[in-house]
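Hi,

Here is the structure I said I would pass on. Have a look at it first, and then read my notes below.

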Amino acid sequence: MNWREHIIADPAVLVGKPVLRGTRLAVEFILGLIAQGWPEQEITRNYQLTPEQVRACVAYAQERLNEERVFAVAG
């Protein structure tokens, strides 16, 4: 999945948050729906998206988290 085909970050749209290309739907919004248990079919129907666009949001999040580094701190 090449999320770059579906997701852009434009400072003129939602202050530069990643959004689905051609929409004002933020990736974090779509991920929030998924986290709330919305089925992919319901998301695509309610927001006129393709399954690929929804999966692109998940792929984007996965790649961003892959880049994150966590360091254990002794307490």
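**What I found**

Let's start with helix 3, where Q53, V54, A56, C57, A59, Y60 and A61 are buried. Keep in mind that this is a predicted model. The cover over those buried residues of helix 3 includes strand 1, strand 2, helix 1 and helix 2. As for length, helix 3 has 17 residues, which at 1.5 Å a residue should span 24 Å; its end C-alpha atoms are 25 Å apart, so the two agree.

Some of those helix 3 names come up again with W3: leaving aside neighbours within four places in sequence, W3 is in contact with A56, A59, Y60, E63 and R64.

W3 also belongs to the largest nonpolar core, which has 14 residues. Those with the most contacts inside this core are W3, I7, L20, I30, I43 and L49. Two elements, helix 1 (27–35) and helix 3 (51–67), give two or more residues to it, and the largest share, five residues, comes from helix 3.

Now for helix 1. Here V27, I30 and L33 are buried. Looking down the axis of helix 1, you'll see its buried residues fall within an arc of 125°, so they line one face of the helix. E28 and A35, on the other side of helix 1, are exposed. Strand 1 (7–9), strand 2 (18–20), helix 2 (40–47) and helix 3 are among what covers the buried residues of helix 1.

One last detail to look up: just after helix 1, G37 has a positive phi of about 95°.

Cheers

Technical notes:
Residues are numbered from 1 along each chain as its sequence is written. This is a predicted model: local features need pLDDT of at least 70, side-chain atom pairs count only at pLDDT 80 or more; totals for chains, interfaces and linings use all residues. Side-chain values use heavy atoms; hydrogens and water are left out. A nonpolar core is a set of buried Ala, Val, Leu, Ile, Met, Phe, Trp, Tyr and Cys residues joined through side-chain atoms within 4.5 Å. Buried means under 20% relative accessible area, exposed over 50%, partly exposed in between (1.4 Å probe, protein chains only). Helices (H or I, at least four residues) and strands (E, at least two) are DSSP runs, numbered from the N terminus. Contact means heavy atoms within 4.5 Å. The arc is that of the directions from the helix axis to the C-beta atoms. The expected span of a helix is 1.5 Å times one less than its number of residues.
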